[in-house]
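Dear colleague,

Please find below the structure that I agreed to pass on to you. My notes on the strand arrangement follow it.

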Amino acid sequence: MHVPTPPLAAQGVARTIIQSFSINLLLSPTRYYPFPTVTDTPKSLPQPRGELTLRTLAMPADANPAGDIFGGWVMSQMDIGSALCAVDRAQSRVVTAAVDGMSFIAPVYIGDVLCVYAEVVKTGRTSLHVHVEAWVLRNRQGERVQVTQGIFIFVALDDEGKPRELPAS
């Protein structure tokens, strides 16, 4: 099937409209960004829960043969980020005792920035439950997407490696 080429006059009009649109974007007093940024994301979009504890770039060495980032790598970053949150609350060394309810929601790709958010949601005498979420910025700057979440359970340790009571909050 042959698709006819539009007459030269029509091609010129289309080119003028595109050029005009491009110039308006460049001259516009407000900058045009194709993706929402952290500062201008509407509150109606899902937001990370907790405080940002870690940001890192997913690299080719972290990928499986299909090109996705290994889930184990993502989980290790979540362990590190949630441990930083637990150390702040425990005011001591902590050890990961368990991971509860881990769910992978979306894949992580090479070039994504992985952001880990964490908050203490429950404390015991020596233990802490930390809710942790991993979000990515697609291609280092684009859309923010939640990729996984879970509960990491830590135990506070003393200098001899024995469980110790948490300080009063």
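**Sheet architecture**

In this predicted model, five strands make up an open sheet with antiparallel pairing, and their order is β1-β3-β4-β5-β2. The edge positions are taken by β1 and β2 (93-104); each has a single partner strand, so one side of each is left without a neighbour in the sheet. On average, neighbouring strands of this sheet are turned by 25° against each other, direction ignored.

**Pairing of β1 with β3**

Strand β1 covers residues 51-57 and strand β3 covers residues 113-123; the two run antiparallel and are joined by six bridges. Within this pairing, Thr 56 has Leu 114 of β3 as its bridge partner.

**The β3-β4 hairpin**

On the other pairing described here, β3 meets strand β4 (residues 127-137) in the antiparallel sense, over ten bridges. Together β3 and β4 form a hairpin, with three residues between them. Two pairs of residues help to locate the register when you inspect the model: Thr 123 stands opposite Leu 128 in β4, and Tyr 117 stands opposite Glu 133 in β4.

To summarise for your inspection, β3 is joined to β1 by six bridges and is paired with β4 over ten, within an open sheet of five strands.

With kind regards

How values were computed. Residues numbered from 1 in each chain as written. Predicted model: local features only at pLDDT ≥ 70, side-chain atom pairs only at ≥ 80, totals over all residues. Heavy atoms only, no water. Pairing = 2+ DSSP bridges. Helix = DSSP H or I, 4+ residues; strand = E, 2+ residues; numbered from the N terminus. Axes fitted to C-alpha atoms, helices over the stretch in contact; angles between N-to-C directions.
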